[in-house]
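Work through the exercises below with the structure open beside you. Try each task before you read its solution.

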Amino acid sequence: MKQKRYYLILLLLIVLISCSTPKYSIEDNHFKIVRIAPGPEDMVLDTFSGKERIIIACTDRRNDLQGNIYSLNIHNNEISKFYRINEPENYEIKPLGIDIFKFNNEVYLLVVSRDFEMSKIVKYKISGNNLEFIKDYKNEMIDSPNAVTFDGKDGFYISNDKIFKGDIIHTKFNSESERIISKLKFPNGVIVIDSLLIFAETTGNRIKMQNLQNKKIKKVCRIKGADNIKLSGDKILVSGHPSFFRFFYHRKSQSKKSPSRIYEINIKNKSKKLLFSDSGATISAASTALICKDKFYISQIFDDFIIVIDLIKD
């Protein structure tokens, strides 16, 4: 009941700010469909191990089932499931946002496990095809986590995507959590680049950034239904949902398509470029985008596949 009320309130809120579908499509582009598991919501590029793979977090959100973590070999598109080891007995995860980082010559994966009963952030050490459980973080401040990012030092930031009073929380690996930004409109994707904390507000339809030194917050640009944020060279890639109406119809039914857009944003001059726009015929409710080796990878929130687009050099 709590989950249903949550989505009902969100639907009522965003009805007022819904808009039409995109004007463009990718019908002329060459792409492949790679099936994984329901709900490949977030992805990160793993080059630390020398395998050049993409790690993908999957959870069946239509049926609220536990999920898992998978890897995609970028050379042949083969999918494999990580073996999760050393977890507590009967341990379950419902992965949503993820981030990868290297610390003291070890590679780690942070996983948002989103559950309406008890959410948590899980820290794993990556060893080949194994995810070794290190620790999980759960407290009253991590109550609606969506995205997570390593802070570059000794902890992580998360976004709590509460509809009216969303916030961003900082947690150190050896201490408690601290709220650093509050009163946000459904905060979503979050990433740290140097001394900047960059974050999305989905129903606020914008990207913002906070200077971590002087704590000042500035608007970067407007993105309708802004979702996850990923680094791409010296720019960022941001997914967006241009029709909230269709997004929620799609959440209920795979047959109801939801349009998507992917933007490339230059943080320095705050300019944006539309890279991808689709009515939902190719992929619905796209959530994350990555570019690697002349390939454009796009994942989604509900259905069971990602798409891989061949990029054409100018």
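**Exercise 1. A salt bridge across the chain**

Task: Find the salt bridge between Asp304 and Arg35, and say which parts of the chain the pair ties together.

Solution. Start with the distance. In this predicted model, the closest N and O atoms of Asp304 and Arg35 are 2.7 Å apart. The cut-off for a salt bridge is 4 Å, so the pair qualifies. Next, place each partner. Asp304 sits in the loop between β24 (295-300) and β25 (305-310), while Arg35 belongs to strand β1 (residues 31-35). The pair therefore ties together parts that lie 269 residues apart in sequence. Last, check the exposure of Asp304. Its relative accessible area is 26%, which makes Asp304 partly exposed.

**Exercise 2. Two loops, one bridge**

Task: Which loops hold Asp64 and Lys94, and is Lys94 buried or exposed?

Solution. First, the contact. Asp64 and Lys94 form a salt bridge through their side chains, at 3.1 Å from N to O. Asp64 is in the loop between β3 (53-58) and β4 (68-73). Lys94 is in the loop between β6 (83-85) and β7 (95-103). The two residues are 30 residues apart, and they link distant parts of the chain. Now compare each value with the cut-offs. Buried means under 20%. Lys94 has a relative accessible area of 9%, so Lys94 is buried. Asp64 has 35%, so Asp64 is partly exposed.

**Exercise 3. Counting further bridges**

Task: How many salt bridges does the model contain, and which residues join into one network?

Solution. The count comes to 18 salt bridges. One of them pairs Glu201 with Lys208, at 3.6 Å from N to O. Both Glu201 and Lys208 are buried. Now look for shared partners. Asp143, Lys162, Asp167 and Arg179 are joined into one network by salt bridges that share partners.

**Exercise 4. The nonpolar core**

Task: Which residues of the largest nonpolar core touch the most other members?

Solution. Begin with the general idea. In soluble globular proteins, nonpolar side chains tend to be buried together. The largest nonpolar core here has 17 residues. Ile55, Ile69, Leu109, Tyr124 and Ile126 touch the most other members. Then ask which elements supply the core. β3, β7, β8 (106-113), β9 (120-127) and β10 (130-137) each give two or more residues. Finish with Leu109. Leaving out residues up to four places away in sequence, the residues that Leu109 touches include Val44, Ile55, Ile69, Tyr124 and Leu131.

**Exercise 5. An enclosed strand**

Task: Why is strand β2 described as largely enclosed?

Solution. Check the residues of β2 (residues 40-46). Six of the seven are buried, so the rest of the structure largely encloses this strand. Then find its neighbour. β2 pairs with β3 in the antiparallel sense, over six bridges. As a landmark, find Leu45, which stands opposite Ile54 in β3.

**Exercise 6. The surface and the whole chain**

Task: Which residues make the nonpolar surface patch of about 190 Å²?

Solution. Leu275, Ile291 and Leu311 make the patch. Leu275 is in strand β22 (residues 271-278). Leu275 is partly exposed, with a relative accessible area of 31%. Now step back to the whole chain. The protein chain has two helices and 25 strands. Of its 314 residues, 56% count as buried. The chain exposes about 14,800 Å², and carbon and sulfur atoms supply 47% of that area.

Terms used. Residues are numbered from 1 along each chain as its sequence is written. This is a predicted model: local features need pLDDT of at least 70, side-chain atom pairs count only at pLDDT 80 or more; totals for chains, interfaces and linings use all residues. Side-chain values use heavy atoms; hydrogens and water are left out. Helices (H or I, at least four residues) and strands (E, at least two) are DSSP runs, numbered from the N terminus. Buried means under 20% relative accessible area, exposed over 50%, partly exposed in between (1.4 Å probe, protein chains only). A nonpolar core is a set of buried Ala, Val, Leu, Ile, Met, Phe, Trp, Tyr and Cys residues joined through side-chain atoms within 4.5 Å. Contact means heavy atoms within 4.5 Å. Patches are made of residues with over 30% relative accessible area and no salt bridge: like charges are joined within 9 Å, nonpolar side chains (Val, Leu, Ile, Met, Phe, Trp, Tyr) within 5 Å. Accessible areas come from the Shrake-Rupley method with a 1.4 Å probe; for residues, only the protein chains shown count as cover. Two strands pair if DSSP finds at least two bridges between them.
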